[in-house]
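Dear colleague,

I am passing on a structure that you have not worked with before, and below it you will find a short account of what was found. Please have the sequence and the model open as you read.

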Amino acid sequence: MESKGLAVSHTHASKKTEIRVYWNAPSSAPSHIQFLATVVEKYKIYWVKIPSDVISQPNALPFTTPKATTASLSTLPSISHLTGPFSASECGKKKFCVRSPRSCDPEREATCFFLSFTREEQSVMVELSGPTGGYLSFAFSHDRWMGDDDAYLCIRGDQSVHIQPSHLTGRSHPVLDSRGNLEDMAWRLADGVIQCSFRRNITLPGVKNRFDLNTRYYIFLADGEANAGQILKHSQQPLITYEKYDITDTPKSIGGSRSLPLLKVHGALMFVAWMTAVSTGVLVARFFRSVWSKALFLGEAAWFQVHRALMLTTSVLTCIAFVMPFIYRGGWSSHAGYHPYLGCIVMTLAISQPLLAASRPPLHDSRRQMFNWTHWSVGTAARIIAVAAMFLGMELPGLDLPSPQKTYTMMGFVTWHIGTEIILEIHAYRLSRKVEILDNDRIQIFQSLTVAEAEGHVFKKVVLTIYICGNVTFLIIFLSAINHR
């Protein structure tokens, strides 16, 4: 170091018992030098400005300690203990409340996430509570994204709650700020619920990173785990109000959502496309050619018309759903794991299939067999990758699906579809064996074949009807899970 005020630190997070640093004194160094050290053991245990011995230049006069002067130290804000849970009875009357579930009451429900603001002349009293073993937080934001936000944390310690203002600079750990602007701080721990309250002025002129509260903002409400007072990334998407609010205006009682409508529609359209339309279209093409062989309009067989309509529907729904996360994120998301990569592959295959089908050669063309295998391979790959992408997508916090309902629904549908295909395959095999036996016996061949085919058609129609009913049931379960909050 060659300038006053500079410092040196380590860059590795491993625990250390010593650090050795060499300092090259500049030619203009003072006669007497003292080093100060700061040591951090963990988030809430640290030592600041530990002084070293005074080091003197050769031939310097003896160092004398200056006369101590008494400095006025700012008094730390006092913290008291709450005596009971917060009340929601004044929500919409005197308190501006944000709750999840929307009508919950923290006095009666331990699972209630509760945030209230009560205006008192030129200040606002804040109450925050919820079931968590780590921390609760809320933030005021100009948009629906983390970054450039005014945030407040209630962090659980060993037997206390640490109330801390902070600000967010992006999707990263919040930067902690001074508590000097908070008053009347209080907390309580009971039955797995963290409660904290404090008061702050509506406006704080000259205080950096603190927003004026008489302005409209989106309100974020989050919770997560903490380790030794250090907060960890929240495991679920924060609750975000549907619109901006001025908490100092008319009191209201509002809710929010942990999943935005665009992502809900994205998930719903993908489920309809790949769990309903595609699966039904595959069964029709595989097992119903003889059942619906009559030509309809444009001279095409009925089964083909149904198959084509379902597959085109899948491609259209996939294209619509594909763009929604990009609109929501404003670009590519680097926090969604493999899901977006698989989604791009599915999108490519979904567009390729109808283009490939448009070049289908005539029935007896030598290229027809190659087309059939290619069409089947691309379609099967798309279905498998789509299912994998949906399983991964359901785990993302942005969709906020309830566990384990989401996993059981997907596993149930996959099992339902595979079971239906197995039943139809067994039926087709038994019917073909029956036809072979009749053909060998040469007894009432034509009449028996007609009866066998008729019975087979009826069975297939019954199976398809049951399959579609089950499909609709899974679809309803999935849509209700998407819209559960």
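**Confidence in the model**

The mean pLDDT of the protein chain is 84, and 88% of its residues reach 70 or more. Please keep in mind throughout that this is a predicted model. Two stretches call for caution: over residues 68-75 the pLDDT is below 50, and this stretch has zero contacts in the model beyond its near neighbours in sequence, while residues 443-449, where the pLDDT is also below 50, have seven contacts beyond near neighbours in sequence. Where pLDDT is low, the predicted coordinates should not be read in detail.

**Helix 1 and its partners**

Helix 1, which covers residues 261-287, and helix 2, which covers residues 302-329, have axes that come within 8 Å and cross at roughly 160 degrees. Because angles over 145 degrees count as roughly antiparallel, helix 1 is described as roughly antiparallel to helix 2. The crossing of these two helices is left-handed, and the residues of their contact divide into 25 nonpolar, six polar and no charged.

Helix 1 also meets helix 4 (residues 368-394), and there the axes come within 11 Å and cross at roughly 150 degrees. That angle makes helix 1 roughly antiparallel to helix 4, and helix 1 passes helix 4 in a left-handed crossing. On the side of helix 1, the contact is made by Met 270, Phe 271, Trp 274, Met 275, Val 278 and Val 282, and on the side of helix 4 by Ala 382, Arg 383, Ala 386, Val 387 and Met 390. Sorted by class, the contact of helix 1 with helix 4 has 10 nonpolar residues, no polar residues and one charged residue; the charged class includes Arg, and Arg 383 of helix 4 is among the residues in this contact.

**The six-stranded sheet**

Turning to the strands, there is an open sheet of six strands, whose order is 12-11-10-9-15-18 and whose pairing is antiparallel. The edges are formed by strand 12 (175-176) and strand 18 (239-240), each of which pairs on one side only. Within the sheet, strand 9 (residues 135-141) and strand 10 (residues 149-156) pair in the antiparallel sense over six bridges. If you would like a place to start looking at this pairing, Leu 136 has Cys 154, in strand 10, as its bridge partner.

With best wishes

Key: Residues are numbered from 1 along each chain as its sequence is written. This is a predicted model: local features need pLDDT of at least 70, side-chain atom pairs count only at pLDDT 80 or more; totals for chains, interfaces and linings use all residues. Side-chain values use heavy atoms; hydrogens and water are left out. Axes are lines fitted to C-alpha atoms, for helices over the stretch in contact, and angles run from 0 to 180 degrees between N-to-C directions. Helices (H or I, at least four residues) and strands (E, at least two) are DSSP runs, numbered from the N terminus. Angles under 35 degrees count as roughly parallel, over 145 as roughly antiparallel, 65 to 115 as roughly perpendicular and the rest as oblique. A crossing is left-handed if the near helix is turned anticlockwise from the far one by less than a right angle, and right-handed if clockwise. pLDDT is the predictor's confidence in each residue, from 0 to 100. Contact means heavy atoms within 4.5 Å. Two strands pair if DSSP finds at least two bridges between them.
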